[in-house]
Amino acid sequence: MNRVAVIDYGLCNLDSVRRAIEEVGAEPYVVSTGTDLGEPDHIVLPGVGSFVDAMVQLTARGLHEAMHREVIDQGVPILGICLGMQLLARQGAEGGHVAGLGWIDATVPRLVAPDASTR
């Protein structure tokens, strides 16, 4: 059975992600520190919230380095969901320019709602 590491850095909806992984017949396990990552068959990086806050938490929990070893060095497939997908980029522009995981050569721009007076 495929073991799927679900990354928990404090800004995620883990229950729905875990249930979806179980539904397709894989075995999810939640990881909140780099030492907990182990050797997954796949990694899911969900997320909601701020790019800056997410990168601070990933780094502080040792998840950035541990995921780099698995994804880049070992070739473990990763799926980013919502903010998790944005974090794969080189940098994000929300709250100032902040380094992302750097696995996609892109910058995630700050999204701004259109001005209602220009409609």
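At what angle do the axes of helix α2 and helix α3 cross? I shall begin with that pair, and I should say at the outset that we are looking at a predicted model.

Helix α2 covers residues 51-60 and helix α3 covers residues 63-73. Their axes cross at roughly 80° and come within 5 Å. Angles of 65 to 115 degrees count as roughly perpendicular, so α2 is roughly perpendicular to α3. At the contact, α2 contributes M55, L58 and T59, and these meet L63, H64 and M67 of α3. Sorted by class, the residues of this contact are four nonpolar and two polar, with no charged residue.

Let me turn to the parallel sheet. Four strands form an open sheet in the order β2-β1-β3-β4, and the pairing is parallel. The edges are taken by β2 and by β4, residues 78-80. Each of these has a single partner strand, so one side of each is left without a neighbour in the sheet. From one strand to the next, the twist averages 25°.

Within this sheet, strand β1, residues 3-7, deserves a closer look. How many of its five residues are buried? The number is four, so β1 is largely enclosed by the rest of the structure. On one side, β1 runs parallel to β2, residues 27-31, and five bridges join the two strands. If you wish to follow the register, A5 has Y29 in β2 as its bridge partner. The pairing of β1 with β3, residues 42-45, is also parallel and rests on three bridges. Here V4 has H42 in β3 as its bridge partner.

The connection between β1 and β2 brings in helix α1, residues 14-23. Together, β1, α1 and β2 make a β-α-β unit, and its hand is right-handed. Helix α1 lies across three strands, namely β1, β2 and β3. Relative to β2, the helix runs at about 155°.

I come finally to the other sheet. Three strands make up this open sheet, in the order β6-β5-β7, and here the pairing is mixed. Strands β6, residues 98-99, and β7, residues 104-108, are the edge strands, each pairing on one side only. Strand β5, residues 89-92, runs antiparallel to β6, and two bridges join them. As a point of reference for the register, Q91 has A99 in β6 as its bridge partner.

To return to the opening question, the crossing angle of α2 and α3 is roughly 80°. Thank you for your attention.

Key
Residues are numbered from 1 along each chain as its sequence is written. This is a predicted model: local features need pLDDT of at least 70, side-chain atom pairs count only at pLDDT 80 or more; totals for chains, interfaces and linings use all residues. Side-chain values use heavy atoms; hydrogens and water are left out. Two strands pair if DSSP finds at least two bridges between them. Axes are lines fitted to C-alpha atoms, for helices over the stretch in contact, and angles run from 0 to 180 degrees between N-to-C directions. Angles under 35 degrees count as roughly parallel, over 145 as roughly antiparallel, 65 to 115 as roughly perpendicular and the rest as oblique. Contact means heavy atoms within 4.5 Å. Ala, Val, Leu, Ile, Met, Phe, Trp, Tyr, Cys and Pro count as nonpolar, Asp, Glu, Lys and Arg as charged, and the others, Gly among them, as polar. Buried means under 20% relative accessible area, exposed over 50%, partly exposed in between (1.4 Å probe, protein chains only). A crossover is right-handed if, with the strands pointing away from the viewer, the path from the first strand over the helix to the second runs clockwise.
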